[in-house]
Structures are given as structure tokens and as C-alpha cells.
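User: I would like to learn how to read the features of a structure like this one. Please show it and take me through them in turn.

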Amino acid sequence: MGSPSWSLCLIFLSFTSVALGATPKRPVDVPFGRNYYPTWAFDHIKYLNGGSEVQLHLDKYTGTGFQSKGNYLFGHFSMHIKMVPGDSAGTVTAFYLSSQNNEHDEIDFEFLGNRSGQPYILQTNVFTGGSGNREQRIYLWFDPTKEYHRYSILWNLYQIVFFVDDIPIRVFKNCKDLGVRFPFNQPMKIYNSLWNADDWATRGGLEKTDWSKAPFIATYKGFHVDGCEASVNAKYCATQGKRWWDQPEFRDLDAAQWRRLRWVRKKYTIYNYCTDRSRFPQMPPECKRDRDV
Ligand SMILES: *[C@@H]1O[C@H](CO)[C@@H](O)[C@H](O)[C@H]1NC(C)=O
């Protein structure tokens with residue numbers, strides 16, 4: 001301590017830990033059965049191209065869904081999805097991570113359908129220790145029913161980032177220092193599902209599902225999983241700190257990513273719980289960091 005070489009070393013360390021930001025790795029395509037299995041209503045899942053693509057079907061009897069075989073503590077989780085085309089009002093297509101206990105952690109993408117020609121809404125949410133109420137809603141800058149787009153979650157000890165293709169649309173920073181629980185010790189599974197939610201999804205529930213248009217079909221591919229697999233009750237990941245998503249460049253966004261996030265905020269954001277004073281007269285503590293955007 002106190003020797004010049006030691007303090008030099010500290011300076012060097014603090015320089016190298018300045019987050020540079022980087023684009024997450026591209027997932028590779030593997031067949032469905034490698035990492036996933038159907039959760040319910042097995043006859044409503046159709047396999048295409050030898051299982052490299054699957055379709056979820058929703059009709060008036062049931063929706064359906066699939067989940068990962070593994071549980072994961074941190075990583076980068078992606079899914080390529082083509083949303084229900086045409087009249088999708090009342091439907092919700094979801095891609096999310098969730099732990100399986102009472103005080104659960106959860107990271108959500110939810111795509112709210114709409115009448116033909118009307119825009120989808122992408123709602124995101126983060127639950128920690130069983131409490132959520134952290135909704136943000138955006139419109140997309142493209143029609144998500146026309147082509148596949150990649151929706152991803154980067155989750156490490158420092159942040160949770162939601163990406164649409166390579167564009168960050170939301171960051172949830174670790175705000176443990178502000179007294180906010182951050183998901184770090186409960187492994188999560190990956191879930192995908194399509195179901196009817198016409199009591200709330202479209203225009204707040206005013207637009208109902210038109211069952212004469214059923215079946216509603218969402219299509220998926222890109223079943224690679226890039227996470228630290230852990231047993232369901234594990235409290236930490238065996239390779240913690242050593243994987244690519246743990247490295248300094250993934251601890252924060254870089255300048256270009258912050259600019260893109262600001263662009264999403266300015267042009268496409270419909271709702272942010274952080275600015276909803278009627279619901280939260282006192283701003284939730286983690287919103288201090290959300291505001292820095
Ligand atoms: C559906 O379209 C209406 C009218 O354009 C819009 O107000 C609403 O935000 C859209 N999306 C959803 C999911 O309600």
C-alpha cells in the first residue's frame with residue numbers, strides 16, 4: 001500500500017474498468033429441441049424446417065408456449081420472432097425470463113397486438129424479489145409482423161439491457177446502492193408464449209379478439225442460448241466473471257448505444273413508469289438512473 005507502483009496500478013485498473021460498451025455476440029441458429037420444450041397445449045405448436053422454426057397457434061380454445069430446459073444465471077438471451085400478422089388485437093406474444101419461486105425475478109418482453117394496420121406496443125417490465133410495476137411501453141420503428149426481428153436481453157451483475165435487433169430500448173441498472181433489489185442469485189428459465197389477453201392488451205381492453213380470424217400465429221427461430229447454466233437452486237454461476245457478458249465493455253452502454261436509446265426515448269416511448277407521478281407520487285429509487293438517459 002502507498003508505494004508508487006501500487007497506486008500506478010490502481011490508476012491503470014480504474015482506466016481499464018471504464019466501460020467502453022460493445023455490441024453483444026450474435027446468436028447462432030440451433031434447432032428448437034436443443035434448448036427448449038413445449039410447456040402446454042402441445043398440439044398448438046407446429047415445427048417447421050426440421051425444428052429450426054416453430055409456430056405458436058392461438059385459437060378460442062387455447063394459446064400455447066415453450067420454455068428452456070436449462071436455468072440460467074446471467075447471459076445474453078435472444079429470440080427471433082415474427083409477430084401475429086393482420087388483425088392481432090387482444091393477443092399477447094411474450095418472451096421473458098423468470099425464476100420459479102415466490103419472491104421471483106422476471107425480465108419481460110410483451111408484444112401487444114392490434115387491429116390490422118394499427119401499431120403493436122412493446123411493453124417491458126422487470127420484477128425483483130416478486131415486485132414488478134416497472135412497465136415501459138414503446139412503438140416499434142418497423143412492422144414486426146413482416147419479418148423476423150431479434151429481441152434480446154443482456155443480463156449481468158451491472159445491468160439488464162433490452163435490445164431490439166442491436167438497438168438498446170431499455171436499461172435497468174443495478175441500483176443495489178439505492179436499496180433496490182437486483183436479480184443476481186435466482187436462476188431463471190426462458191419462456192415464450194402466445195395467449196389471449198383481450199381484457200387489457202389492446203387500447204386498454206377496448207378492442208377484443210376477433211375469433212373469426214383465428215388461428216393467430218407467431219413464428220420463432222434462433223434457439224441458441226448463451227447463458228451460464230445453473231441448477232435451479234444455485235446461488236451463483238460457476239463461471240461468474242469469466243464469460244463475455246461479464247467483461248467491462250458490457251457493464252454500461254457506449255456513447256453510440258446511449259444515443260440510440262435516447263432516440264427510442266424521444267420518438268417511440270409511449271409510457272414510462274418512472275415519469276408516472278399519478279401512480280408513483282414518489283419516484284421509484286432506480287428511476288434516478290433511468291432519468292440519466
Ligand atoms: C392500437 O392502435 C391504437 C390506435 O392507433 C393505439 O392507440 C394503440 O396504442 C395501439 N396499440 C395497442 C396495443 O393498443
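Analyst: Start with record annotations: UniProt positions are given in the numbering used here, feature names are shortened, and annotations may be inferred rather than shown by experiment. Residues are numbered from 1 along each chain as its sequence is written, and side-chain values use heavy atoms, with hydrogens and water left out. The model is predicted: local features need pLDDT of at least 70 and side-chain atom pairs count only at pLDDT 80 or more, while totals for chains, interfaces and linings use all residues.

User: Which residue does the UniProt annotation "glycosylation site" cover?

Analyst: In the unreviewed UniProt entry, that annotation covers Asn 114. Strands (E) are DSSP runs of at least two residues, numbered from the N terminus. Asn 114 sits in the loop between strand E7 (106–112) and strand E8 (121–127).

User: Is Asn 114 buried or exposed?

Analyst: Buried means under 20% relative accessible area, exposed over 50%, and partly exposed in between (1.4 Å probe, protein chains only). Asn 114 has 13% relative accessibility, so it counts as buried. Contact means heavy atoms within 4.5 Å. Not counting residues up to four places away in sequence, Asn 114 touches Gly 86, Asp 87, Ser 88, Ala 89, Pro 119 and Thr 202.

User: Which residues are around the ligand?

Analyst: A residue is near a molecule if one of its heavy atoms lies within 4 Å of it. Around the ligand are Leu 112, Gly 113, Asn 114, Gln 118, Pro 119, Ile 121, Tyr 139, Ala 201, Thr 202 and Arg 203.

User: What polar contacts does the ligand make?

Analyst: A polar contact with the ligand is a pair of N or O atoms within 3.5 Å. Polar side-chain atoms of Gln 118 and Tyr 139 lie 2.6 Å and 2.8 Å, respectively, from an oxygen atom of the ligand. For Arg 203 it is a polar backbone atom, 2.8 Å from a ligand oxygen. Accessible areas come from the Shrake-Rupley method with a 1.4 Å probe. Taken alone the ligand exposes 350 Å², and the protein buries 74% of that.

User: Where does the backbone depart from the usual geometry?

Analyst: Most residues other than glycine have a negative phi, and most peptide bonds are trans. Asn 49 has a positive phi near 45 degrees; its 56% relative accessibility makes it exposed. Asp 165 has a positive phi of about 55 degrees, and at 24% it counts as partly exposed. A cis peptide bond joins Ala 214 and Pro 215, with omega about 0 degrees.

How values were computed: A polar contact is a pair of N or O atoms within 3.5 Å; within protein, one must be able to donate a hydrogen and the other to accept it, and residues adjacent in sequence count only if both atoms are side-chain atoms. Helices (H or I, at least four residues) and strands (E, at least two) are DSSP runs, numbered from the N terminus.
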